[in-house]
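Q: Could you take a close look at one part of this complex for me, the strand pairing that ties chains together, and walk me through what surrounds it?

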Amino acid sequence: MAEITLEDIIKPENRVYVKTELMTDNVLSYCPGCGHGTAHRIVMEVIEELGMEENTIGVAPVGCSVLAYEFMNIDMQQAAHGRAPAVATAIKRVWPNKIVFTYQGDGDLAAIGTNETIHACNRGENIVIIFINNGIYGMTGGQMAPTTIPGMISSTSPYGRDVKTMGNPLKITELVAQLPGTHFVTRHAVHTPRFVRRAKKAIKMAFENQRDGKPGVSFVEIVSNCNSGWKMTPNDSNKWMEENMFPFFPLGDIKVDGKLI
Amino acid sequence: MTEELIIAGFGGQGVLSMGKILAYSGIMQDQEVSWMPSYGPEMRGGTANVIVIVSDERISSPILTIFDSAIILNQQSMDKFEKSVRPGGVLLYDPNGIIRHPTRKDINIYQVEASHLASEMGNAKIFNMIVLGAYLKIKPIVKMENVILGLKESLPERYHKLIPLNEDAINSGLKNVKAFHELN
Amino acid sequence: MSELKLMKGNEALAEAAIRAGADAYFGYPITPQSEVIEYLMAEKPFERTGMVVLQAESEIAAINMVYGAAGAGKKVMTSSSSPGVSLKLEGISYIAGAELPCVYANVVRGGPGLGTIQPSQADYFQSTKGGGHGDYRQIVLAPASVQEMSDFVRDGFDLAFKYRIPVLILSDGVIGQMMEKVKLFEPIPRLTEEEIKEKYPWATTGKKHGTERRIITSLYLDSNEMEQHNIKLQKKYKEISEKEVRFELIDCEDAEYVFVAYGSSARIAQKAVRLARAKGLKVGLFRLITLFPFPTKQIQEMCSKGMKGFLAVEMSAGQMVEDVHLAVKGCAKVEHYGRYGGIVHTPEEVLEAMEQKIIGG
């Protein structure tokens with residue numbers, strides 16, 4: 001019996017999964033188990049499937065995904081902390097025929113960049129915002145974020161977030177949905193295949209909205225885990241996310257076609 | 001020729017626009033000009049002043065403390081700028097509302113009853129043009145035809161129908177300026 | 001065609017942006033420079049040339065919009081006044097780090113803090129010594145007239161794209177608020193998409209399939225790469241220092257003493273030169289046009305030719321005077337004179353300082 005070689009295995013007809021060319025071969029800087037890699041991949045798959053590779057400019061934030069441009073194989077700009085929506089606003093304004101998106105974490109988008117987020121959304125900039133919410137500052141080592149839920153432990157809330165002294169977590173996605181400048185606002189997750197498929201569908205809709213000139217921001221939140229920051233195994237972190245994060249940040253569409261659900 | 005002038009009064013009297021028309025008139029006859037206003041909160045209802053320089057040469061400092069001429073349109077400005085006229089220079093003022101008249105003997109002082117004349121002509125807004133006319137009688141630094149061109153340049157087109165009225169006001173000022181104290 | 005106009009410095013700056021073929025202006029109101037965005041909104045260049053004009057939510061957003069548009073290969077500009085420029089400095093540092101071209105203006109007012117809205121030149125250190133974080137420089141042009149407020153926008157863009165560097169037009173409340181005659185330069189058309197792609201291959205315009213992607217970033221996590229990047233930047237700054245110095249000499253041929261000044265102080269010092277000459281004093285003016293690069297060599301040459309003294313005149317407690325000292329290196333007398341905190345010195349005060357501190361001192 002002939003031996004099966006590597007060449008046989010990677011024959012096109014045998015492949016069940018192909019990495020999009022729009023992800024580079026650079027080794028991801030994310031911790032094993034983190035949702036960022038999946039989120040990157042589905043954003044890039046959508047851009048490839050919609051034939052937008054040559055026409056898209058992405059904006060990377062400050063945070064864990066500061067190096068998103070190392071992995072996303074399209075033209076990218078890295079923005080100052082929190083300012084990605086302002087950077088994207090300008091790129092879209094000077095290149096109205098291009099597709100422009102930001103990819104931001106919760107500290108970037110909902111703390112230092114709240115102003116830019118709200119105003120870009122309120123002006124109705126025709127951009128896509130991908131918002132990864134893992135309830136923590138991952139890159140700096142697990143400090144409390146604007147989205148850290150009540151009671152949740154972080155390195156700057158070591159006894160759990162006490163809302164009396166530390167304030168409440170900010171549901172910025174619900175907030176931007178109230179603004180007349182958002183067209184599509186939705187919340188998803190990427191920790192199981194079922195949720196990945198749903199999230200990808202939403203991301204696709206967001207980019208189609210921009211392509212079709214639907215007025216305003218398409219805003220996709222992805223509630224994700226941070227097993228390192230949360231000090232859990234990847235499996236435990238996903239379980240913890242389902243039990244604690246999802247009740248506080250319920251998944252699903254919040255605004256579709258400019259109308260609140 | 002270089003004329004260094006300060007125009008000072010209340011915000012709303014048309015101090016800044018008078019200076020602007022004068023500056024535009026200078027441009028019309030190919031001179032160098034500068035127009036430097038006081039700016040900031042005092043603009044809103046308080047005192048306003050502008051330094052206008054018209055010259056045949058490149059203008060150096062747009063901000064000065066001593067002037068060839070001063071046009072003074074309220075008491076605060078009189079108190080502040082009477083002393084800023086160079087000896088032998090010109091001070092022109094509207095006596096309306098002035099309780100402490102100028103007292104210097106080393107300068108030429110003139111009056112024009114511009115607020116009265118403006119209300120007689122039925123339009124308070126031409127006050128500044130009457131004053132400008134009076135000033136140009138004393139200091140004919142720009143030709144009248146260039147003042148009209150300057151007016152056209154500085155007024156938005158929709159106000160061009162008001163140019164004849166402004167011309168009348170300038171002429172009224174030309175005719176009604178009176179010497180208060182003149183050097184021999 | 002060129003036109004003669006009577007304009008405020010701030011208006012001339014705005015009109016020049018349209019004429020220079022700028023693609024975008026992003027700004028935020030602050031006295032004494034709000035006329036810039038007011039003028040642009042009233043003139044509607046978006047209907048004439050397609051130039052984008054946007055009032056941002058903050059100075060911070062505005063400078064990051066500049067970063068975005070510049071990274072995308074566009075001619076982009078912003079302006080502000082001192083406290084607003086302090087807010088922009090993080091963005092300027094990013095622009096310098098990512099080697100992007102842009103022009104921005106600071107119509108300086110008195111500080112520190114909220115300060116005053118009156119004119120000042122106390123942002124010299126901030127403008128020429130970095131301002132934001134990291135080892136970076138920017139080209140600083142100091143207009144002394146409304147004419148230069150217009151011309152330096154065009155020149156600024158040329159320099160910005162030649163060196164991929166931020167160019168600061170360092171003005172002040174006097175130059176911004178005053179009106180003078182200005183000859184507007186002929187409009188330069190905006191570049192087309194094809195022209196931008198050809199001239200600026202580094203810009204993010206969308207990656208052609210199978211080609212290298214463009215990345216605009218100032219992040220170098222590897223210190224060796226960061227050092228190499230810094231060495232490259234320093235090389236560029238050295239080249240600029242050698243090639244782009246600009247200045248003007250007024251009445252210096254026979255002068256024994258000179259004022260060194262820029263912007264509105266240079267205008268005031270020019271009047272003081274006239275007053276001095278009328279008194280028979282051999283005084284001239286060295287007017288700086290570029291503050292970075294600083295004309296160190298040219299001032300040194302004056303020293304070696306026997307200039308007896310230099311009076312640095314600036315509306316600050318003494319900032320530019322440090323660079324004059326570094327150039328003169330003790331060969332001649334150097335002193336500073338200036339009113340500050342929003343007070344503008346008079347020609348008479350300036351001349352008196354020259355007589356007392358330099359000539360008689």
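A: Happy to. In this predicted model, β2(B) pairs with strand β3 (residues 47–55) of chain B in the antiparallel sense, over six bridges. If you want a residue pair to look for on screen, B:Met36 has B:Ile51 as its bridge partner in β3(B).

β2(B) also reaches across to another chain. Two bridges join β2(B) to strand β8 (residues 179–184) of chain C, and these two strands run antiparallel. Here the pair to find is B:Ser34 with C:Glu180, its bridge partner in β8(C).

Put those pairings into their wider setting and you get an open sheet of nine strands with mixed pairing, in the order β7(B)-β6(B)-β5(B)-β4(B)-β1(B)-β3(B)-β2(B)-β8(C)-β1(C). At its edges are β7 (178–181) of chain B and β1 (3–8) of chain C, each of which pairs on one side only. From one strand to the next, the twist averages 25°.

On the chain C part of this sheet, you will also see helices. Helix α1 (residues 9–19) of chain C packs on the sheet and touches β1 and β8 of chain C, with its direction at about 130° to that of β1(C). Helix α7 (residues 146–163) of chain C lies across β1 and β8 of chain C as well, and runs at about 35° to β8(C).

Now step back to the contact between the two chains that share the sheet. Chain B brings 17 residues to it and chain C brings 20 residues. On the chain B side, α1 (15–28) and β2 (32–37) are the elements that give two or more residues. The most come from β2(B), with six residues. Sorted by class, that side of chain B has 10 nonpolar, five polar and two charged residues.

Chain C has another partner too. In its contact with chain A, 29 residues of chain A meet 33 residues of chain C. On the chain A side, β1 (56–60), β2 (75–78), α4 (84–94) and α6 (114–123) each supply at least two residues, and α4(A) gives the most, with eight residues. The class count for that side of chain A is 14 nonpolar, eight polar and seven charged. Strand pairing appears at this contact as well: β2(A) and strand β9 (residues 215–216) of chain C pair in the parallel sense over two bridges. There, A:Gln77 stands opposite C:Ile216 in β9(C).

Finally, a look within chain C itself. Its domain assignment gives domain 1 (3–193) and domain 2 (248–359), and 27 Å separate the centres of these two domains of chain C, taken over C-alpha atoms. Between them, 24 residues of domain 1 are in contact with 21 residues of domain 2. The elements of chain C that give two or more residues to the domain 1 side are α6 (124–128), β6 (139–141), β7 (166–172) and α8 (173–177). Of the residues on that side, 13 are nonpolar, nine polar and two charged.

As for the predictor's confidence, chain C averages a pLDDT of 97, and 99% of its residues score at least 70. For the complex, the predictor gives an ipTM of 0.94 and a pTM of 0.95.

Notes: Residues are numbered from 1 along each chain as its sequence is written. Chains are lettered from A and ligands numbered from 1 in the order in which they are written. This is a predicted model: local features need pLDDT of at least 70, side-chain atom pairs count only at pLDDT 80 or more; totals for chains, interfaces and linings use all residues. Two residues are in contact if their C-beta atoms, placed from the backbone, lie within 7 Å. Helices (H or I, at least four residues) and strands (E, at least two) are DSSP runs, numbered from the N terminus. Ala, Val, Leu, Ile, Met, Phe, Trp, Tyr, Cys and Pro count as nonpolar, Asp, Glu, Lys and Arg as charged, and the others, Gly among them, as polar. Two strands pair if DSSP finds at least two bridges between them. pLDDT is the predictor's confidence in each residue, from 0 to 100. Domain bounds come from an automatic or database domain assignment. Axes are lines fitted to C-alpha atoms, for helices over the stretch in contact, and angles run from 0 to 180 degrees between N-to-C directions.
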